[in-house]
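Trainee: Before I rely on any label for this model, I would like to hear the rule behind each one. Could you take me through the reasoning step by step?

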Amino acid sequence: MNKPMHPDNSVLIRHLDGELAGEEWVRVDTHLACCPECRARQLEFRDLSSGIEAALRAVPARASAAERVQLGEKLAEAPRSASSSVIVLRRFGWGMALAAGLALAVLLAPLTSKAPRTKTVADTQRALAAVSSGININGETFIALPYSDPALPLNASRIVEMQVPVSALAEAGVAVQPSWNGNGDGTVAANVLLGIDGQPLGIDVLGAD
Amino acid sequence: MVPVRAVELSAAEWDETQPVDAANRLVLELYDREHVSLRRYLLYLGVDPETAAETLQETFLRLHKHLLGGGNQSNLRAWLYRVAHNLARNAQTSFRASRTGDLSEANARQEIADTIATPEERFLAREEEVRFAEALAKLSAAQKSCLLLRSQGLKYREIAEALNLSISTVGENVQRGLERLKELL
């Protein structure tokens, strides 16, 4: 009768860690039930693991109550802070700039002799259609940006409040209103509607009429 | 306002009508649940306590942004370890090779578990912890990280995600780390 193959250390450890599944788990489990040698080998690994856990638990790692309070305060400020806005802006910086530029070009198209720069005719038509009505989400109206795919479902969109540099708006050709520069740091608060594809779908400058 | 999407979170955890409040609550809940384990992990890697505290604050603030940005919420624990690990690595150009001395001091200050009844048992327990700490310090950084995260209850796929390794590499590091510890102890 052939001697059963003993599982190697890797298999015994993965069995110990619950990382085996299906037939492999059954095979090793059955083997362990009748092989004291492998059980002893696995037990050694279990004891070593317990030792690591104990050594790790011995590290004093309690936080002061002040740390949690500090985190809570930072969280309360975070959504409206400039730093978080910068990070969000960085996520899709050029996409938003491009979208704003495209939207502006479409907005100004009827007033200028220059044709707006758009990727395709279809984009232009789509943007014009959207701009004519804007995007209304729960009573909030966004200037449409022809960047996100309008075929995607709107109910999966999300809105991110951020500080948008006024200079970026000006560079994009947006007619900056005095009331938009209330932050005193060259930025204006705006809600940016992001489509399900993560691209800007619309923008609502907060405080603008 | 259209709510920030919450993936794989129950309605009880994520109030779609108040995404900012929901994110704040979830971050603090995760902080309460995970900060001790995260801090221990960082300290054991050789990060000094002050840097560990700063790293944790930044990690949870990034989690907040991650949640509000509609980031993947399928495995936030692995996400936390990955961000904390990377932030700490950046903050300290290299983890100290050994924390044995610090751990001895730490052990002396540690409140002994209720289950350890006598002074002799307490002394032996501390000796054992120091012995393990010394042995762990001799492992490679990857082996040590994998074993520490495994000790925190992370599955191999979570460790792989946290350390940006493949699952099979995690398995190899766990196996070789344990075999090395067996030789050393």
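Mentor: Let us start with the cysteines: a disulfide is a pair of cysteine sulfur atoms within 2.5 Å. Bear in mind that this is a predicted model, in which local features need pLDDT of at least 70 and side-chain atom pairs count only at pLDDT 80 or more, while totals for chains, interfaces and linings use all residues. Residues are numbered from 1 along each chain as its sequence is written, chains are lettered from A and ligands numbered from 1 in the order in which they are written, and side-chain values use heavy atoms, with hydrogens and water left out.

Trainee: Why is the sulfur of Cys34(A) not counted as bonded to the closest cysteine sulfur, in Cys35(A)?

Mentor: The sulfur of Cys34(A) lies 6.7 Å from that of Cys35(A), which is too far for a bond. Cys38(A) fails as well, because its closest cysteine sulfur, again in Cys35(A), is 3.6 Å away. By this rule, the count over all chains is zero disulfides.

Trainee: What makes Cys34(A) exposed and Cys38(A) buried?

Mentor: Buried means under 20% relative accessible area, exposed over 50%, and partly exposed in between, with a 1.4 Å probe and protein chains only. Cys34(A) has 60% and is therefore exposed, whereas Cys38(A), with 0%, is buried.

Trainee: Why is helix H1 of chain A described as largely enclosed?

Mentor: Helices (H or I, at least four residues) and strands (E, at least two) are DSSP runs, numbered from the N terminus. Helix H1 of chain A covers residues 9-16, and six of its eight residues are buried, so the helix is largely enclosed by the rest of the structure. The buried ones are Asn9(A), Ser10(A), Val11(A), Leu12(A), Ile13(A) and His15(A). Their cover, judged by contact (heavy atoms within 4.5 Å), includes helices H2 (22-33) and H3 (36-57) of chain A, together with H6 (141-151), H7 (156-163) and H8 (167-184) of chain B.

Trainee: Why is the pair of Tyr31(B) and Phe60(B) called edge-to-face?

Mentor: Rings of Phe, Tyr and Trp (its six-membered ring) pair if their centres lie within 6.5 Å, and planes under 30 degrees apart count as stacked, over 60 as edge-to-face and the rest as tilted. The structure holds two such aromatic pairs over all chains. In the pair of Tyr31(B) and Phe60(B), the centres are 5.1 Å apart and the planes stand at 75°, so the label is edge-to-face. This pair links distant parts of the chain, with Tyr31(B) in helix H1 (residues 19-44) of chain B and Phe60(B) in helix H2 (residues 49-68) of chain B, 29 residues apart. Tyr31(B) is buried at 2% relative accessible area, and Phe60(B) is buried at 0%.

Trainee: What makes Tyr41(B) and Tyr81(B) an edge-to-face pair?

Mentor: Tyr41(B) and Tyr81(B) are 5.6 Å apart centre to centre, with 75° between the planes, which fits edge-to-face. Tyr41(B) lies in helix H1 of chain B and Tyr81(B) in helix H3 (residues 76-91) of chain B, so the pair ties together parts that are 40 residues apart in sequence. Both Tyr41(B) and Tyr81(B) are buried.

Trainee: Which residues of H4(A) meet H2(B)?

Mentor: On the side of H4(A), Glu67(A), Gln70(A), Leu71(A), Lys74(A) and Leu75(A) meet Ala53(B), Gln57(B), Phe60(B), Leu61(B) and His64(B) in H2(B).
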